[in-house]
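Trainee: I should like to take a close look at a single part of this structure, namely its largest pocket. Please describe the pocket and then place it in the context of its surroundings.

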Amino acid sequence: PVDIKGYYVNGTIRLAKSFSIFGGYQDYKGTGKAVNDGGLSKDDKFKNITGGATLTFGTAHTLGIKYDEVQYDVLNGSGRGRSTPKESYTDITYGLKFTPHAGLKLGYQIVKWDDKNTGFDSINGDGNVIYTQVGLKF
């Protein structure tokens, strides 16, 4: 992304040959350089927290769960006061590896969005999504 600055950390711990957990944290604030283009002001901030687990069966199958939350600190749509809208995603996935270079992932995602009346993004994004992802490595 442009017009933000901050840091992030990610890590994975393998607890067993077929089980691992992971997590991450990101903390950013706006630079104020692209406010007229929809960017963040210097006072705007957001944090992202993620974590999950992966279980592998044999050489070709995986099950995963992941939680991802973004917390914002932004100016209200009215221009008066600040608010903290929040979005979160919970993913449950099944992966199938056909070869070391090709695979398929099926997922179910639960989406929650709380705008907190900021006007930041007033579309109600609560819902569920089923998705498919095909991966090829060259």
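Mentor: In this predicted model, the largest pocket has a lining of 31 residues. Those that lie nearest the centre of the pocket are Thr-62, Gly-95, Leu-104, Lys-105 and Gln-133. The elements that each contribute two or more residues to this lining are β3 (45–57), β4 (61–75), β6 (86–99), β7 (102–114) and β8 (127–136). Of these contributions, the largest share belongs to β6, with seven residues. The volume enclosed is about 560 Å³. As to chemical class, 13 lining residues are nonpolar, 13 are polar and five are charged.

Strand β6, which provides that largest share of the lining, also contains Tyr-94. This residue leads to a second feature, on the surface. Tyr-94 has a relative accessibility of 30% and therefore counts as partly exposed. Tyr-94 belongs to a nonpolar surface patch together with Ile-13, Leu-15, Phe-19, Ile-21, Leu-55, Phe-57, Leu-63 and Leu-106. Taken together, the members of the patch have about 730 Å² of accessible area. At least two residues of the patch come from each of β1 (4–16), β2 (19–30) and β3. Strand β3 is thus named twice in this account, since β3 also gives two or more residues to the pocket lining.

Strand β4 is another of the elements that give two or more residues to the lining, and Val-70 lies in this strand. Val-70 has a relative accessible area of 10%, and it is classed as buried because the cut-off for that class is under 20%. A comparison with a member of the nonpolar patch gives a sense of distance: Val-70 and Ile-21 are separated by 49 residues in sequence and by 20 Å in space, C-alpha to C-alpha.

The charged contacts may be considered next. Two salt bridges are found when the whole structure is searched. In one of them, Asp-44 pairs with Arg-82, and the closest N and O atoms are 3.0 Å apart. This pair links distant parts of the chain, for Asp-44 is in the loop between β2 and β3, whereas Arg-82 is in strand β5 (residues 82–83), and 38 residues separate the two. Arg-82 also forms a salt bridge with Asp-73, with 2.9 Å between the closest N and O atoms. Asp-44, Asp-73 and Arg-82 are accordingly linked in a network of salt bridges.

The three members of this network can be set side by side by accessibility. Asp-44 counts as buried because its relative accessibility is 8%. Arg-82, at 36%, counts as partly exposed, and Asp-73 is likewise partly exposed, at 23%.

The loop between β2 and β3, in which Asp-44 is placed, also holds Leu-40. With a relative accessibility of 14%, Leu-40 counts as buried. Leu-40 and Gln-26 are 14 residues apart in sequence, and their C-alpha atoms are 16 Å apart in space.

To return to the request, the largest pocket is lined by 31 residues, and β6 supplies seven of them.

Methods
Residues numbered from 1 in each chain as written. Predicted model: local features only at pLDDT ≥ 70, side-chain atom pairs only at ≥ 80, totals over all residues. Heavy atoms only, no water. 1 Å grid on protein atoms, 1.4 Å probe; cavity = no way out; pocket = protein on both sides within 12 Å on 5 of 7 lines; lining within 4 Å. Points joined across faces, edges and corners; volume = space filled by probe spheres on them. Helix = DSSP H or I, 4+ residues; strand = E, 2+ residues; numbered from the N terminus. Nonpolar A, V, L, I, M, F, W, Y, C, P; charged D, E, K, R; others polar. Patch = residues over 30% accessible without salt bridge, like charges linked within 9 Å, V, L, I, M, F, W, Y side chains within 5 Å. Areas by Shrake-Rupley, 256 points an atom, 1.4 Å probe, with all protein chains shown as cover. Salt bridge = Lys/Arg side-chain N within 4 Å of Asp/Glu carboxyl O. Buried < 20%, exposed > 50% of the residue type's maximum accessible area, 1.4 Å probe, protein only.
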